Amino acid sequence: MQELISRIVGAVSGNPLLERLLVASLELLVVTAIVLAIIHVARIRSNRVIALMWLVALSKPVLGLALGAPAPVFTFEKIH
């Protein structure tokens, strides 16, 4: 697993577009898991509330890509 992660970081490092796409993909994964957990744990039955939660979850990575971050949280570095 560590080898896979190091290969991905090695391929992405140095290319700002790929870095931003990877971060957006990871954000989407985390936010989707959180929204899914909230829906199941809170047993939300309202279709409107569920749709609004998914709208927020899907708009987060799109806005992150479009606007960017004022200060990057982390950067990718190539591992030797």
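Buried here means under 20% relative accessible area. The views below show a predicted model.

**View 1. Helix α3, residues 47-67, and its buried positions.** Ile50, Met53, Ala57 and Pro61 are the buried residues of α3. An α-helix has 3.6 residues a turn, so residues three or four places apart point the same way. Among what covers the buried residues of α3 is α2, residues 16-41.

**View 2. Length and bend of α3.** The 21 residues of α3 should span 30 Å at 1.5 Å a residue, and because the end C-alpha atoms lie 29 Å apart, the two values agree. At Ser59 the helix bends by about 30 degrees. A proline, Pro61, follows within four residues of Ser59.

**View 3. Helix α2 and the residue after it.** From first to last C-alpha, the 26 residues of α2 reach 37 Å, close to the 38 Å expected at 1.5 Å a residue. The buried residues of α2 are Glu19, Ala24, Val35 and Ile39. Their cover includes α1, residues 2-12, and α3. Arg43, just after α2, has a positive phi of about 55 degrees.

**View 4. The largest nonpolar core.** Six residues make up this core: Val35, Ile39, Ile44, Ile50, Met53 and Ala57. Both α2 and α3 give two or more residues to the core, and α3 gives the most, with 3 residues. In soluble globular proteins, nonpolar side chains tend to be buried together.

**View 5. Contacts of Met53.** With neighbours within four places in sequence left aside, Met53 is in contact with Val35, Ile38, Ile39 and Ile44. Met53 is one of the buried residues of α3 and belongs to the largest nonpolar core.

Technical notes:
Residues are numbered from 1 along each chain as its sequence is written. This is a predicted model: local features need pLDDT of at least 70, side-chain atom pairs count only at pLDDT 80 or more; totals for chains, interfaces and linings use all residues. Side-chain values use heavy atoms; hydrogens and water are left out. The expected span of a helix is 1.5 Å times one less than its number of residues. The bend at a residue is the angle between axes fitted to the seven residues ending there and the seven starting there. Buried means under 20% relative accessible area, exposed over 50%, partly exposed in between (1.4 Å probe, protein chains only). Contact means heavy atoms within 4.5 Å. A nonpolar core is a set of buried Ala, Val, Leu, Ile, Met, Phe, Trp, Tyr and Cys residues joined through side-chain atoms within 4.5 Å.
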